[in-house]
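Here are a few short exercises to work through with the model open beside you. Try each task before reading its solution.

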Amino acid sequence: DHCNQTDGDRDDWKYFTINAPSVVRVVVNFDYIEAEARVEVINDVGQVLSDLELPESTDLLRQLSFKAAPGNYYLHIYCETLKTDYSVEVKQEVLQF
C-alpha cells in the first residue's frame, strides 16, 4: 500500500485479530525515508499501545512488538511529509502457559 501527504491520502488503517494471548511483532518496510512515516498500534478501545516513528538516516525496515490479549488491533500508518509505498507483516507467537 502507500500513503501520500501531497495528494491527501495521508492515513491508512489496517486491522488484525488475535485469538489467544500472544506476543505480536509488526514488521513494516517503507520505500522512502523522507516521507517521515509513522505507525501506531491501537487496541479496540482506542488506546495507543505502541508508536513507531521512522527517524531520518535509519533502516527502512522497522519492527515493534508487544504482548496482546485476544481482540482486534488497528494499525494507523501515515506520512508526515511527501509519500511512500510500504508493506506490513504481522507475526503472532502464542504464549504457552
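**Exercise 1. Find the partner of a strand.**
This is a predicted model. Work out which strand pairs with E4, and in what direction the two run.

*Solution.* Start by locating strand E4, residues 37-43. Then look for its bridges: seven of them join E4 to strand E7, residues 71-79. The two strands run antiparallel. To check the register at one end, take Ala-37, whose bridge partner in E7 is Cys-79.

**Exercise 2. Inspect the two faces of E4.**
Sort the residues of E4 by the way they point, and decide whether they are buried or exposed.

*Solution.* Begin with one face: Ala-37, Val-39, Val-41 and Asn-43 point one way. Next, turn to the other face, where you will find Arg-38, Glu-40 and Ile-42. Now apply the cut-off: a residue is buried when its relative accessible area is under 20%. Both sets pass, Arg-38 and Glu-40 included. That gives seven buried residues out of seven, and the strand is mostly covered.

**Exercise 3. Classify the aromatic pairs of Tyr-73.**
Describe how the ring of Tyr-73 sits against Phe-16 and against Phe-66.

*Solution.* You need two values, since a pair of aromatic rings is described by the distance of the centres and the angle of the planes. The protein has four aromatic pairs. In one of them, the ring centres of Phe-16 and Tyr-73 lie 5.7 Å apart with the planes at 20°, so this pair is stacked. Follow the chain between these partners: Phe-16 belongs to strand E2 (residues 11-18) and Tyr-73 to strand E7, so the pair links parts of the chain that are 57 residues apart. Phe-16 and Tyr-73 are both buried.

Now take Phe-66 and Tyr-73: the centres are 5.7 Å apart and the planes make 55°, which is a tilted pair. Phe-66 is buried as well. Put the pieces together, and Phe-16, Phe-66 and Tyr-73 form one aromatic cluster.

**Exercise 4. Step back to the whole chain.**
Summarise the secondary structure, the contacts and the surface of the protein.

*Solution.* First, count the elements: there are eight strands and zero helices. From the N terminus, the order reads β-β-β-β-β-β-β-β. Second, look at contacts with a separation of 6 or more: 77% of them are between residues 24 or more positions apart. Third, consider burial, where 36% of the 97 residues count as buried. Finally, the exposed surface comes to about 5800 Å², with 45% supplied by carbon and sulfur atoms.

Definitions and conventions. Residues numbered from 1 in each chain as written. Predicted model: local features only at pLDDT ≥ 70, side-chain atom pairs only at ≥ 80, totals over all residues. Heavy atoms only, no water. Buried < 20%, exposed > 50% of the residue type's maximum accessible area, 1.4 Å probe, protein only. Helix = DSSP H or I, 4+ residues; strand = E, 2+ residues; numbered from the N terminus. Pairing = 2+ DSSP bridges. Contact = heavy atoms within 4.5 Å. Areas by Shrake-Rupley, 256 points an atom, 1.4 Å probe, with all protein chains shown as cover. Phe/Tyr/Trp six-rings, centres within 6.5 Å; stacked < 30°, edge-to-face > 60°.
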